[in-house]
Amino acid sequence: MLIYILKRLVYVTPVAFGVSLVCFLLVHLAPGDALSAVLPADATQETINEMKAAYGFDKPLPVQYLIWLWHVLHGDLGTSIATGRPVLGEVTRADINSLILASVATVIGFTFGTLFGFVAGYHRNSVADRAASALSVFGVSVPHYWLGMVLVIVFSATLGWLPPTGAGPDGSGNWRPDFDHLRYLILPAVTMSVIPTGIIARTVRALVADILAQDFVEALRAKGMDEFGVFKHVVRNAAPTALAIMGLQLGYLLGGSILVETVFAWPGTGFLLNAAIFQRDLPLLQGSILVLAMFFVVLNLLVDVMQTALDPRIERA
Amino acid sequence: MSVIPSAPDPFARDRGGPAQPLLSVSGLYKHFPVRKAGGKKQVVRAVDGVDFDVLKGETLGIVGESGCGKSTTAKLLMGLIERDSGSLLYDGQAVGERVMPWRSYRRQVQMVFQDSYASLNPRMTVEQSIAFGPKVNGVSGREAVERARALLARVGLEPKRFAGRYPHEISGGQRQRVNIARSLALEPRLVLLDEAVSALDKSVEAQVLNLLLDLKAEFGLTYIFISHDLNVVRFISDRVMVMYLGRVSEIGPSDTVLDAPAHPYTEALLASMPSLDPDNRTQAALLQGDPPNPIDPPSGCRFHPRCTLAEPICSEKEPPLDTVGPLHRVSCLARQPGSGHSAAPARALAA
Amino acid sequence: MTAPITAASMALDGGVLSAGDTAPEAAFVPSRGFWGHVGHRLVRDPVAMGAGALILLVVLIAILAPWITPMDPYKGSMLRRLKHVGDATYWLGSDELGRDMISRLMLGARLSLFIGVTPVLIAFVIGSAIGILAGYVGGWLNTILMRTIDVFFAFPSVLLAIALSGALGAGIFNSIVSLTCVFVPQIARVAESVTTGIRKRDYIDAAKLSGASPLTIMRVQVLGNVVGPIFVYATSLISVSMILASGLSFLGLGVRPPEPEWGLMLNTLRTAIYANPVVAALPGVCIFIVSIAFNLFSDGLRAAMEIRQ
């Protein structure tokens, strides 16, 4: 097992460096100068050069990359051009908010997804099965930013049950675990949970149907095992894959949260990205994308290792 | 099997005259690297020093158990995998060098694969598959299709009915006929048949074998016929080569090798073959177990752990491929004069 | 020369060259070829056909929009803002600037389809080329190409799309470029795995033996076998692409006003969710319907292609 983890680490390292390179180059894809957004139009050449030197933009690209990477490896993501505050702090604050939202959405998606998946897998071609596959097509086809709007229209604008935007009543921008804040979490979390619900339902249905069709289930029943015992076997066999899908979905939700966060004005990374893009705050853009992508890389690694640890059928060589 | 006089001059493209082997293989090696658990690098000695000649107009049968290196040898001969070392001389010219680059060699040497389905592109009609070779060699599209149709007719498949069909729409025997037609589309002199009839039903197999014999006579072909079925090899081959664990253990005229084998392995192979004729059953010991692992072959003679004639000397000394009769060569210490094996013939007798 | 078994089997062999092994010849069915079979099965799938008809309808509307819209989609009237659905003049209401919704939705189909489908088409071509090359050539080229692709896989696709178009700046062209970059690695990975599976088939070896160049083999022998699965995969991406492309416009990163595009319309109508919620949600309904149609059609196509070979 240890060897397997080491192997995965060896494989992940170059990918992580590639990711950092892409994040770095992203900024240099941008048209114009990274500083043009903040400098006044009538800035003198001297001021421009001074600013360039201050941010290190006067050095050749590979050198800039190495310097940047060196800082990143020491936890320094630079300073936001717009606010002048360290990027790391801004990103961490936003990440926590996003992570809360994405985790709750994943848990909702996993709960309903497995529920529908199990029912559909146990009763293939029944009404429940049809409903589950309709649900999964719905989940992957619906533009979730639109779904968020519809939920706001129904539950906030029309019924007035839930608040439409923000993370809490005080507008502070930080979510706290109490009842008032919970009300703000419901709509965005439900909106985000639609995709994982659909995908998990589809996967679990296929897994369960597959396991039930195998010989060993027949053998267990023949040995006189009751349905609950069989169910436990099915769960044990389906769990590794279902959990792995759940883990990956958490990563996708976190990376894709920007659209839903915009609809609900949720103060997460999506919101931060939005601000970074429209204020052309490139260090902030770079930093938040790097953190999200690295989180996704690590999550992938964890999911891989966990799946291997749980599933005896996967070769660990 | 001699060339039938009425055939169009089969040696029109001949360089070295009828006595020069069409293909001469020497010192052929191919080791595949494998990594075992623990990270140690090892090699599979798939082909481990093979020499033989293919004479003009003959059919050379190659037999052996699975894993003996027959198919690897075939792929090496076709250049589908790169050889580690060794040389191929085609009609006296070194293949892969300037005088005979692979491209022109392949126009003269073609191959028919065992799996008739896997060797045809499922998205191409039978006719397209056959015409592909001529087309990439500069024959015009219409001419290539005409040639394909003529060949289909020649292998017994009426072009009108079969040309437009896809591989899954015809039977296994018909597919193998298509494969044969394709191998002939470039007008080769040497055709390598790798287990070409092994997957067919017995009755279909016989028809295809007869077709092969007819085509050989008509086009003046030379065959290398790889098979694990000794009966088929006996039927079609002029000479037979027996392989064991990447080496040649015996080579000689079919009648000699298959009726009076000199190598204990050939004897055992023949004994393990089912025979319908009760008088023909040998009492020789059957082969025990599987062939040893080619990653770590036995020392000395590779057959000694399974051999009835094995003596201590067999695990020490590698037997050379020695001549024991006209065109008949064997690698067995028990047949080699002065080898130190107790059953070896006296030196004077062999001389 | 003759062994007992062979002699026996030879006796069974009637006419040697009469194609005797044409086992009891069934009634001859004319060859349809692979795509013929797929089409045949697809037309018998009511869900896929319904979805296909819907897509066709939307495409027709998109093409003909400039001539068939009931009103000028750009001309607004501040006096007639946010009319409700079912209005005598504005059948599907009017937007926040008093422009006719149905005309804008019809014209919006153009841009929405264009920015949604184009990235997948371009990525289909580029991704297939990369994947087939990597899969067929193998070796170090495969390692370099596929490891590079792994890097792009390390980004969740929405994040990558937004990061790229955020860095490149707003605009239709940039949004298409970023979405193409999102889909190229995904398609290339599928193309690579399909090609690797085919590369070791005997017919590829046979083609090599005929002296064909690697390029000819890839074009003639490989492409026909891998294009089907890659195409199905690409069609399944169109729905995602539509949602993402409109999402970029929704964020203000794609199409710019006053052009009608469903995602952008959804964004500008957000202010109207209290005044006229139904009209505000309409553009999203369009995205949803087209997206679901593409998904269902893709599922049908995949099912139709699962043919025993």
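## Exercises on a predicted three-chain model

With 20 C-beta neighbours inside 10 Å, B:E195 counts as buried. The model behind these exercises is predicted, and the worked solutions below start from the surroundings of this residue.

**Exercise 1.** Determine why B:E195 counts as buried and B:E187 as partly exposed, and establish where each residue lies and what the backbone does there.

*Solution.* Begin with the cut-off: a residue is buried if 20 or more other C-beta atoms lie within 10 Å of its own, exposed if 12 or fewer, and partly exposed in between. B:E195 has 20 such neighbours and therefore counts as buried, while B:E187 has 15 C-beta neighbours inside 10 Å and so counts as partly exposed. Next, place the two residues along the chain: B:E187 belongs to the loop between helix 6 (172-184) and strand 7 of chain B, and B:E195 sits in the loop between strand 7 and helix 7 (202-219) of chain B. Finally, turn to the backbone, where B:E187 has a positive phi of about 50° although it is not a glycine, and where phi of B:E195, likewise a residue other than glycine, is positive and near 50°.

**Exercise 2.** Describe how strand 7 (residues 190-194) of chain B is covered, and which strands pair with it.

*Solution.* First take the burial: five of the five residues of strand 7 of chain B are buried. In a regular strand the side chains alternate between the two faces of the sheet. Here B:L190, B:L192 and B:D194 lie on one side and B:V191 and B:L193 on the other, and both faces are covered. Then consider the pairing, in which strand 6 of chain B runs parallel to strand 7 of chain B over four bridges, with B:V112 standing as bridge partner to B:L193. Strand 8 (residues 222-226) of chain B is also parallel to strand 7 of chain B, joined to it by five bridges, and within that pairing B:L190 has B:T222 as its bridge partner.

**Exercise 3.** Work out the strand order of the sheet in chain B that holds strand 7, and identify its edges.

*Solution.* Chain B contains eleven helices and twelve strands, and eight strands form an open sheet of mixed pairing in the order 6-7-8-3-9-10-12-11. Its edge strands are strand 6 (109-112) and strand 11 (322-325) of chain B, each of which pairs on one side only. Neighbouring strands of the sheet are turned by 20° against each other on average, direction ignored. At one edge, strand 6 of chain B has both faces covered, with B:V109 and B:M111 buried on one side and B:Q110 and B:V112 buried on the other. At the other edge, strand 11 of chain B pairs with strand 12 (residues 328-330) of chain B in the antiparallel sense over three bridges, and B:G325 stands opposite B:H328.

**Exercise 4.** Which residues have the most contacts inside the largest nonpolar core, and what does B:L192 touch?

*Solution.* The largest nonpolar core has 256 residues, and those with the most contacts inside it are A:A293, B:L192, B:I224 and C:I187. Helix 9 (residues 214-251) of chain C gives the most to this core, with 18 residues. Leaving aside residues up to four places away in sequence, B:L192 touches B:A74, B:L77, B:M78, B:V109, B:M111 and B:I224. Two of the residues touched by B:L192, B:V109 and B:M111, belong to one face of strand 6 of chain B.

**Exercise 5.** Characterise chain A, and test why the length of its helix 9 (residues 227-255) agrees with its residue count.

*Solution.* The secondary structure of chain A comes to twelve helices and zero strands. Of the 317 residues of chain A, 39% count as buried, while in chain B buried residues make up 50% of the 351 residues. For contacts with a sequence separation of 6 or more, residues 24 or more positions apart account for 73% in chain A, and the corresponding share in chain B is 61%. For helix 9 of chain A, 29 residues at 1.5 Å a residue should span 42 Å, and the end C-alpha atoms are 40 Å apart, so the two values agree. The helix is nevertheless bent, since a kink of about 45° lies at A:A239, shortly before the proline A:P240.

**Exercise 6.** Locate the cis peptide bond between C:P257 and C:P258.

*Solution.* The bond that joins C:P257 and C:P258 is cis, with omega about 5°. C:P258 is placed in the loop between helix 9 and helix 10 (262-268) of chain C.

Conventions:
Residues numbered from 1 in each chain as written. Chains lettered and ligands numbered in written order. Predicted model: local features only at pLDDT ≥ 70, side-chain atom pairs only at ≥ 80, totals over all residues. Pairing = 2+ DSSP bridges. Axes fitted to C-alpha atoms, helices over the stretch in contact; angles between N-to-C directions. Contact = placed C-beta atoms within 7 Å. Expected span 1.5 Å × (residues − 1). Bend = angle between axes of the 7 residues up to and from the residue. Core = buried A, V, L, I, M, F, W, Y, C linked by C-beta atoms within 7 Å.
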